[in-house]
Amino acid sequence: MGQGTERFLSPGKGRGLRALKHFKVGELVFTCPAYAYVLTVNERGSHCEFCFTRSEGLSKCGKCKQAFYCNVDCQKGDWPMHKLECSAMCAFREDWSPSETVRLAARIITKQKTQTERTASERLLALREFEAHLDKLDNEKKEMNQTDIAALHHFYSKHLDFPDNEALTVLFAQVNCNGFTIEDEELSHLGSAVFPDVALMNHSCNPNVIVTYKGTVAEVRAVQEIKPGEEIFTSYIDLLYPTEDRNERLTDSYFFTCECKECVTKSKDKAKMEIRKLSTPPKPEEIRDMVKYARNIIEEFRRAKHYKNILVSPPTELLEICELSLEKMGTIFEVTNVYMLHMMYQAMGVCLYMQDWEGAMSYGEKIIKPYSMHYPAYSLNVASMYLKLGRLYLGLGKTSLGVKALKQALAIMEVAHGKDHHYLAEIKREIEEQK
């Protein structure tokens, strides 16, 4: 479980986690099984509902025909949680549509009923100790919580013994603030979970650990050297953006402002906000307006794509939004500017969705170098970009470029995922097949 860490009171941050021993870069600090978790609906059939193994020949639940498993053991293992949904899915059919948060909350309630002692996931922090920050929720967040509670009652009325509304309000606020999304090696969304001990770590924009997943277990590895007595920090957010954006996101989702060295010195902001070298430099207000435009278009695009990367607008329309906004922003922003990179990343995603491999590759090629510059060392965002590019190159017959990109992904993943992770074995196999 990792006895090299302890819970402590972090000055100005409340509780936190600190090292009791020395950790080298790439060393496993601790692991934490999920207290409760749920596979995302989009991955049904390609991943086992119980252990999250990715596999071709999964068997489906005979009753609802919606959940898939490696074998009978996985199916039995999942039954205490799956039975919450199985008959409800049969009854509601096409109308079965609780959000992932609602599905996760239902599983937490079920587990709390049967589980009285602390679990292996709560070695240092119990789930009931999670912060809810109820006093800080704005009306929109309060309404969303009530909508989730209503959905929970609607979809699970026959199978759940509900706590009262007050307890549910607290639970949903806790899940929203402390939940994790489990992602694969290309950072595609696989599901949602709660990992209490992982939630104990405080945030830094220059983190010294990284969280990756092996099935439904979270693994925390050092990405900087950590000395005994030092606090262990992870990152709660995407670190691509400049300081102001990062803190807006942290305030909105986690109700605090970061005061890490990166936020105080803003050392990367200038490079992240690179402005084109023009014969007449743009005026400060022109830059400000363009930043505002960029942020709005990012928000608009997020809404157009909808929740968890499910495209709701036609892909050609989304690609057009990307191209037009890149053109507009490119009059002031350098191609390495993070707002340009964000739009290129979205465009690349749409190209992948449309199976326009050449288009996706050309965006990936523009993104990768600036990514390596803006993100901290051993970033999963950089690794997944090398991986996507490598696989695109191989698919397009550019073997030597493909192998080179995959090796660059491997170098980061050996530290972030550990040398024995099955993702690494898969990538090494892809490289071997090219010889």
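Start by selecting Arg-295, which comes out as partly exposed at 25% relative accessibility. You're looking at a predicted model, so keep that in mind as you click around. Now add Asp-245: its side chain meets that of Arg-295 in a salt bridge, 2.8 Å from N to O. This pair links distant parts of the chain, with Asp-245 in helix 6 (residues 243–254) and Arg-295 in helix 9 (residues 284–305), 50 residues apart. Asp-245 is buried, its relative accessible area being 14%.

Next stop: Glu-85 and Arg-107. Their side chains form a salt bridge too, at 3.6 Å from N to O. Colour helix 1 (residues 72–92) to find Glu-85 and helix 2 (residues 100–114) to find Arg-107; the two are 22 residues apart, and the pair links distant parts of the chain. Buried or exposed, these two? Both Glu-85 and Arg-107 are buried.

Now jump to Asp-184 and show Arg-54 with it. They form a salt bridge whose closest N and O atoms are 3.9 Å apart. Asp-184 lies in the loop between strand 7 (180–183) and strand 8 (189–194), and Arg-54 in the loop between strand 4 (36–39) and strand 5 (59–60), so the contact ties together parts 130 residues apart in sequence. Asp-184 counts as buried at 10% relative accessibility, while Arg-54, at 36%, counts as partly exposed.

Keep those two on screen and add Glu-185, Glu-186, Arg-391, Glu-426 and Glu-430: together with Arg-54 and Asp-184 they are linked in a network of salt bridges.

Want to keep exploring? Searching the whole structure turns up 25 salt bridges.

Key. Residues numbered from 1 in each chain as written. Predicted model: local features only at pLDDT ≥ 70, side-chain atom pairs only at ≥ 80, totals over all residues. Heavy atoms only, no water. Salt bridge = Lys/Arg side-chain N within 4 Å of Asp/Glu carboxyl O. Helix = DSSP H or I, 4+ residues; strand = E, 2+ residues; numbered from the N terminus. Buried < 20%, exposed > 50% of the residue type's maximum accessible area, 1.4 Å probe, protein only.
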